[in-house]
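Reader: Could you walk me through the structure I'm about to open?

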Amino acid sequence: MKRVELLAPAGDLDRLKLALIYGADAVYIGGKTLSLRTFASNFSLEDIKEGVEFAHSLNKKVYVACNMVLHDEDDKETLEYLKTLKEFDVDAIIISSLYLLGLAKSINLEAHMSTQLSILNIEAVKFFAERGSARIVLGRELSIPEIGQICRQSPSEIEVFIHGGMCSSYSGKCMLSNVMCERDPNRGGCAHSCRWKYHAYDENGSLEDEDKYLSISSKDLCTIKEIPALIESGVSSLKIEGRMKSHNYLAFIVSAYRKAIDDYYDGKKYDEEYYMSLISYGENRLTGHGFLHGNVTVNEMLFDLSNKFDHAGEFIGIVRSFDHYNKIAKLEVKNKIIKGDKYYVISPNSEIKEVKVLEMKYKDNDVEQYTIAGDVIDIQVDIDLKEYDLIHIIR
Amino acid sequence: MSELLLTVKELKDIEKYSADGYVLGYEKYTFFGASRFSYDEIASISNKANVFVLLNALIHENNIEDFNSEINKLAKLDVNFIVQDTGALSLILKQISPKRVVFNPYTMICNKNDFSAYQNEGILGIGISSQLFIEETIELSKLDNALILLYGYEPIYQSNRKVLSLYQEAKKVRFPNGQLYLREDTRDVLYSIIENEYGSVIFNCKKVNLIRRIKDIKEAKYLLIDTFLSSEDEIDNVIKELNE
């Protein structure tokens, strides 16, 4: 039985490796051109090549997002770029353009149609499938029964979002940020204007006091409870949103869904509480189930913009290497770490465990605590660690 | 020579305003438009004027069969269609005729090559994004079959969420009937917002008005005057300016 694919975002090469190590079957990334996340760090050609080689060494896949809505000035050396991706053995590109679909087909490069196209019915799926698209990423406004109905008739693979930011509008149909601050969402410049404060008016003026504001913002998507139903609906790929998200977010969210998917297939107890606990260490926005149960209700909207997810932990650092003989880790610091304190470690495919920091050095000098984010320090610990383990304080 | 299309608020507009074609909303699957007309109303004028039925809702899987039966019913009339949804386009291409459909995905056609890719489907017309710079619009207008918004408010947010109703329900407030607007907290302009069974649409605070550039875009196949949210006086003035 072919298992559903867990597809994770990666903003750079380091996060690509982390996502795959933590259990993603595939990652999607953006290059320096044609990608929709202007503010993600994005991959150079060399990074794409290395990322593909790394993924393929693990029998995993890399998809490159080329889903910007092109203007003529963006369309420079596009075919050459796609040919380079093909040479690098990229597994597919993600596009929102019928023109790019034709180009991809001409060089036998697999193409997936982006959620930017707001594909919401089987006829739209077939339109792109018949023109060569191997996979369709559905719009996020569909219910589980609708997704199932599409999967049963689809000639292409179907991919759906399972976690992360939700556009308040139909994807590809929002120009709020372009109109308000000249940042075109369809060219990667989304300023998240749907998350700003608005006031309601009629012809006679403001309808509410100035201190009240109207939000059109959506909660983020979280579908841990719906994963079995989504798998049974026949989707091929489950996608996590967020190419700009941190290492910490990726590690925990990928771990949670990896465990949930594996437990489902392995017939083990589907432990929603445990998966949600993992998510709580990585997530910092309030979440809902989106449209999966039908039209959204007030519960899926974010009316109080100051409301945050109750973050369960604090990310202290990421292990860059480990000397097993001396039990010394090179730790990239993210937040304050104190010698003698106990922390928690999350590892790929492993339960969360406790670790004590016995000694700390920065550039060979003993330190009692360290706070400068980005620096790498040596920590001696009481258990074995490995590259890409994350150190946490759990509240 | 371009054809002038006009969205119709009332059927009497067809006699009042001279245009090459009239765009009519339908009682179903018109997400936003000047108004909605019944099948019988559309039938009553379909042989007297060049009618384009505006079906610009995004079609969800649950509605695709019903949408299909509606377009087949309408196709028996002498009308063309303007659609936004790719599935809607596909159904008309397969079951009716490419020569009876204008595909207007609003924000999505911004370059010549994408335009050409849809043009190769033999479609009657292709709407280009009104978010383009004027120079880009002029370039795309030179391609066969372009539809350009000449005058009117463009949608800048289309959502399946009924954002006004949901807010009122959550905050236990009730807004008055009539046209509502949103103001972003730090800006002094109002954006019109509408809500119906298909969701919510927010419109730009400024109208598109390319009438003074009409010579530059005269090669476009269709130039559209969208009367939605504009007063009768404004439309009278636009038509007068065009005639001049």
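Author: We can go through the interface between the two chains.

Author: This is a predicted model, where local features need pLDDT of at least 70 and side-chain atom pairs count only at pLDDT 80 or more, while totals for chains, interfaces and linings use all residues. Residues are numbered from 1 along each chain as its sequence is written, chains are lettered from A and ligands numbered from 1 in the order in which they are written, and side-chain values use heavy atoms, with hydrogens and water left out.

Reader: Ok, how many residues does each chain put into the contact?

Author: Chain A gives 66 residues and chain B gives 60 residues, with contact meaning heavy atoms within 4.5 Å.

Reader: And what's the area buried between chain A and chain B?

Author: About 5700 Å², with carbon and sulfur atoms giving 58% of that. Buried area is the accessible area (1.4 Å probe) that two parts lose on being put together, summed over both. A:Y170, A:K173 and A:Y201 supply 13% of what chain A buries against chain B, more than any other three residues.

Reader: Switching to charges: how many salt bridges across the interface?

Author: Four, taking a side-chain nitrogen of Lys or Arg within 4 Å of a carboxyl oxygen of Asp or Glu. One of them joins B:E121 and A:R131, whose closest N and O atoms are 2.8 Å apart.

Reader: Which strand of chain B pairs with β8(A)?

Author: Strand β10 of chain B, residues 180-184, in the antiparallel sense over four bridges. Strands here are DSSP runs (E, at least two residues), numbered from the N terminus, and two of them pair if DSSP finds at least two bridges between them. In β10(B), B:E184 stands opposite A:Y198.
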